[in-house]
Amino acid sequence: MAPITSSETGNKNGSQKHPHYKPNYIPDHNYVRILDTTLRDGEQSPGAAMAPHQKLNIARQLAKLGVDVIEAGFPCSSKDDFAAVKMIAEEVGSNVDDDGYVPVIAGGARCNEKDIEIAWEAVKGAKRPRISTFIATSEIHMKHKLKKTKEEVLDVACRMVKFARSLGCDDVQFITEDAVRSEKEFLYQILGEVIKAGATTIDIPDTVGIAMPWEYEKLIADIKANTDGIENVVIAAHCHNDFGLAVANTIAGARAGARQLEVTMNGIGERAGNAALEEVVMALKCRGAAVFDGLYTSINTKHILKTSKMVEDYTNMHLQPHKALVGANAFVHESGIHQDGWLKHKATYEIIPPESIGLERSNEVGIVLGKLSGRQGLMKRLKELGYHLKENEIDSVFWKFKAVADKKKRVTDVDLRALVSNEVTQVESIWKLSDIQVTCGTLGLSTATVRLNNTIDGGIHVACSVGSGSIDSVFKAVNLIIKEAIKLVQYTLTTMIEGVDVVITTHVRICRMNDHASTHSLVEESIQPIFSGIGAGTDVVVSSVEAYIAAVNKMLDSKK
Ligand code: MN
């Protein structure tokens, strides 16, 4: 059969149309099914348990992604999990779209009648229900965990696959747990027998995550070459990340003929996790034609980011910033050389358009201004913010920007606006912070002592005040010195944790009390001029008072 091209099969979402579903057969040799097991293996991550309604929400999202199979849970493990799988089967697993797509809903079961019956009860409301049953085939598991001989394992495996089929389930996945450490001859034998017994997908897991990519690739190739009836089933790859090789092993399995890849969102799962859906799918999407002889999936990748965030939220499994594709830094360019290249041509440093995983790039994302940023990145951002500076102004802003960036890892738009407005308005600082001391706690009111320098007369002024908290007492002490009635309009702070250092950025907006500078003719409301200041540092009180004094200086300057 000639390979199907995307233009022939693209659906309205721009992703590849799913081929006709038949449990044991994929009409297009290059088509790779994606089985998502976020709700089963992913939920086995320590601390990642989810409520049934959360699992249902994730399943809905997985259907938007277009995963071929949702492994929805392990129904015999708890009443909650049974309920969740049943709900998913009846709702998400019954909702056939215009293109005929509906995900297969799979429920896990050990190789015993009770587990299999419960799994079937949970999934049978789906349009395409599947039972996934597993038994260990490695010496170490059979001897120590199952306490069964090879013959016993072989016997129970075949009986249970037949039992699952006898319930009316025509889609049975059989899993040889710990396959990578199993004797190959035994694998060929047991797989051949379960295929005869009616298995439609056979899954070859690296349960303990020990394989190297070429080993796993050879294992799949050997099974393909030596197992009777293998041409009548779909081979599945299921890899764990104990050496950080889950994705590498999974795609190596695909090279050798695995056509169902088992993955989880964000790569969560037992211990170090599973292969990450987003990494496997994007590798095939971006390199499938070039280095996988045309392998492809039907995943609508635009939903990746949203799904990732949902899973992160529900499981409380937070992503490291440099997580491939979905981490906060995955599409961020920081150094000046990289930013310059990226601005000239995105592909200089970007192999995947972020839009393809659903990341709509705002100005916030593409370039982060930090201490390694160059003039090009700064100028571009200032232009986007609407500032057209003269050459000498750019120079001055650039050096101020560098000074702020040295203190602060990331310079935000608000910081930039403050820098530029200082530059444009040339504010003279009347007051400078000299020293500050604060006591706070639960015993009484906070007290602050503040010492400011007056840069005009060179005087040193000290004042003390009490307040409802440390920030309040400091601001009041400043007010006593400058002898102005000030209204605090807004106070915000953001924190950024870099290792052990917490950088606190404070933004303060103030206005004069009873200052009617102008009146809006229509609403008769007084419009107060507002002055803002920012402070950054590792101490929240010092950062706050710096921001406050910066705003005060602007306010006093405007009087002149
Ligand atoms: Mn697993």
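Author: A salt bridge is taken here as a side-chain nitrogen of Lys or Arg lying within 4 Å of a carboxyl oxygen of Asp or Glu. The model is a predicted one, in which local features need pLDDT of at least 70 and side-chain atom pairs count only at pLDDT 80 or more, while totals for chains, interfaces and linings use all residues. Residues are numbered from 1 along each chain as its sequence is written, and side-chain values use heavy atoms, with hydrogens and water left out.

Reader: About how far along helix H6 are Arg159 and Asp155 separated?

Author: The side chains of Arg159 and Asp155 form a salt bridge with an N to O distance of 3.2 Å. Arg159 is partly exposed at 44% relative accessibility, and Asp155 is partly exposed at 40%, where buried means under 20% relative accessible area, exposed over 50% and partly exposed in between (1.4 Å probe, protein chains only). Because the two residues are four apart in helix H6 (helices are DSSP runs of H or I with at least four residues, strands are E runs of at least two, both numbered from the N terminus), their separation is about one helical turn.

Reader: How many residues apart in sequence are the parts that Lys150 and Glu183 tie together?

Author: The side chains of Lys150 and Glu183 meet in a salt bridge at 3.0 Å, N to O. Since Lys150 belongs to helix H6 and Glu183 to the loop between E5 and helix H7 (184-197), the pair joins parts whose separation in sequence is 33 residues.

Reader: Which residue of the salt bridge between Lys145 and Glu177 is buried?

Author: This salt bridge spans 2.8 Å from N to O, and it links distant parts of the chain, with Lys145 in helix H5 (residues 139-146) and Glu177 in strand E5 (residues 172-177), 32 residues apart. Lys145 has a relative accessible area of 45% and is partly exposed. At a relative accessible area of 15%, the buried residue is Glu177.

Reader: How many salt bridges does a search of the whole structure find?

Author: The pairs discussed so far include Lys145 with Glu177 and Lys150 with Glu183. When the whole structure is searched, the number of salt bridges found is 25.

Reader: How many residues apart in sequence are the parts tied together by the manganese donors Asp41 and His238?

Author: The manganese ion is coordinated at 1.9 to 2.2 Å by Asp41 (OD), His238 (NE2) and His240 (NE2), donors being N, O and S atoms within 2.8 Å of the metal (3.2 Å for Na, K and Ca), and the site may look incomplete because water is not among the atoms. In sequence these donor residues follow the spacing D-x196-H-x1-H. Asp41 sits in the loop between strand E1 (33-36) and helix H2 (52-65), whereas His238 sits in strand E7 (residues 234-239), so the parts tied together have a sequence separation of 197 residues.

Reader: Are Asp41 and His238 buried or exposed?

Author: Asp41 has a relative accessible area of 2%, which puts this donor in the buried class. His238 has 5% relative accessibility and likewise counts as buried.

Reader: Which helix gives the most residues to the largest nonpolar core?

Author: A nonpolar core is a set of buried Ala, Val, Leu, Ile, Met, Phe, Trp, Tyr and Cys residues joined through side-chain atoms within 4.5 Å. The largest such core holds 92 residues, of which Phe174, Ile202 and Ile204 touch the most other members. With nine residues, the helix that gives the most to this core is H6.

Reader: Which donor of the manganese ion does Ile204 touch?

Author: Ile204 makes contacts (heavy atoms within 4.5 Å) with residues including Leu191, Tyr216, Leu219 and Ile235, not counting residues up to four places away in sequence. Its partners also include a residue that coordinates the manganese ion through NE2, namely His238.

Reader: How far from Cys158 is the nearest cysteine sulfur?

Author: A disulfide requires a pair of cysteine sulfur atoms within 2.5 Å, and by this rule the count is zero. Cys158 is accordingly in no disulfide, and the sulfur of Cys111, the nearest one, lies at a distance of 9.3 Å.

Reader: How far apart in space are Gln54 and Tyr314, C-alpha to C-alpha?

Author: Gln54 lies in helix H2 and is buried, with a relative accessible area of 17%. Although Gln54 and Tyr314 are 260 residues apart in sequence, their C-alpha to C-alpha distance is 6.8 Å.
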